[in-house]
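Visitor: Could you take me on a close look at one part of this protein, the largest pocket, and then set it in its surroundings? I would like one connected account.

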Amino acid sequence: MRVLVVGATGTQIVDTTIAGGAYDSGTRTGWRVNGAGTSWTWKGPGTATQGIIKVGVKRIQSIPGGIKFKVSGRNGTYTVTAPELPVTGILVLDPPAATGGQCVEARFPATPPAKPSCTLQSGGATLKCK
């Protein structure tokens with residue numbers, strides 16, 4: 001899958017591909033699925049994924065075709081400044097370009113504390129969107 005975060009001015013903050021494959025406890029990398037087959041989690045060290053260390057994808061049962069996703073990164077270089085807010089998160093399930101239409105886009109247009117919105121925390125070192 002492909003993970004993109006795009007700023008308000010069109011700047012690509014993150015653009016990385018998360019490889020498929022089952023979780024390998026030796027490398028601590030890969031995908032796990034819950035018993036119901038409705039939730040998937042990828043974990044990895046972030047070295048080949050621009051610092052992305054975790055991706056969660058969950059089907060929303062009440063919305064046909066709906067999914068919810070969460071992306072966590074650490075020790076990456078994500079240049080986000082106030083003019084780049086609000087950001088848009090894009091998850092492409094059939095990379096690179098979602099030619100089959102399998103993607104989801106999340107926008108965060110509100111001003112905090114309203115949701116959905118993003119805030120820069122820790123002096124700009126952390127971007128948190130909900």
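**The largest pocket and its setting**

Guide: Happily! Of the 130 residues in this protein, 32% are buried. Please keep in mind that we are looking at a predicted model.

Let us go straight to the part you asked for. The largest pocket holds about 1100 Å³ of space, and 36 residues line it. If you would like to find its centre on screen, look for Val71, Ser72, Leu127, Lys128 and Cys129, the lining residues that lie nearest to that point. In chemical terms, the lining of this pocket is made up of 22 nonpolar residues, eight polar ones and six charged ones.

Which strands each supply at least two residues of this lining? They are β1 (2–6), β2 (12–17), β6 (67–73), β7 (88–92), β8 (103–107) and β10 (126–129). Among these contributors β6 gives the most, with seven residues of the lining. Val71 and Ser72, which we met by the centre, fall within the 67–73 range of β6. Likewise Leu127, Lys128 and Cys129 fall within the 126–129 range of β10.

Now follow two of the contributing strands outward from the pocket. β1 and β2 are antiparallel partners, paired over five bridges. Within this pair, Val5 stands opposite Val14 of β2. Five residues separate the two strands of this hairpin, and there Gly10 adopts a positive phi near 95°. While you have these strands in view, a general point is handy: in a regular strand, side chains alternate between the two faces of the sheet.

Another hairpin makes a good companion to that one. Strand β3 (residues 30–33) pairs with strand β4 (residues 39–43), again in the antiparallel sense, over four bridges. Here Arg32 has Thr41 in β4 as its bridge partner. The hairpin of β3 and β4 also has five residues between its strands, with Gly37 taking a positive phi near 70°.

Let us step back to the whole chain. The protein contains ten strands and zero helices, so its pattern along the sequence reads β-β-β-β-β-β-β-β-β-β. The C-alpha trace spans about 40 × 35 × 30 Å along its principal axes. For 130 residues, a compact globule would be expected to have a radius of gyration near 14 Å, and the 15 Å of this protein agrees with that. As for contacts between residues at least 6 apart in sequence, 32% of them join residues at least 24 apart.

Conventions. Residues are numbered from 1 along each chain as its sequence is written. This is a predicted model: local features need pLDDT of at least 70, side-chain atom pairs count only at pLDDT 80 or more; totals for chains, interfaces and linings use all residues. Side-chain values use heavy atoms; hydrogens and water are left out. On a 1 Å grid over the protein atoms alone, a cavity is a set of points where a 1.4 Å probe fits but cannot get out, and a pocket is an open set with protein on both sides within 12 Å along at least five of seven lines; lining residues have an atom within 4 Å of a point. Grid points are joined across faces, edges and corners, and a volume is the space filled by probe spheres set on the points. Ala, Val, Leu, Ile, Met, Phe, Trp, Tyr, Cys and Pro count as nonpolar, Asp, Glu, Lys and Arg as charged, and the others, Gly among them, as polar. Two strands pair if DSSP finds at least two bridges between them. The radius of gyration is taken over C-alpha atoms; the globule rule is 2.2 Å times the number of residues to the power 0.38. Buried means under 20% relative accessible area, exposed over 50%, partly exposed in between (1.4 Å probe, protein chains only). Contact means heavy atoms within 4.5 Å.
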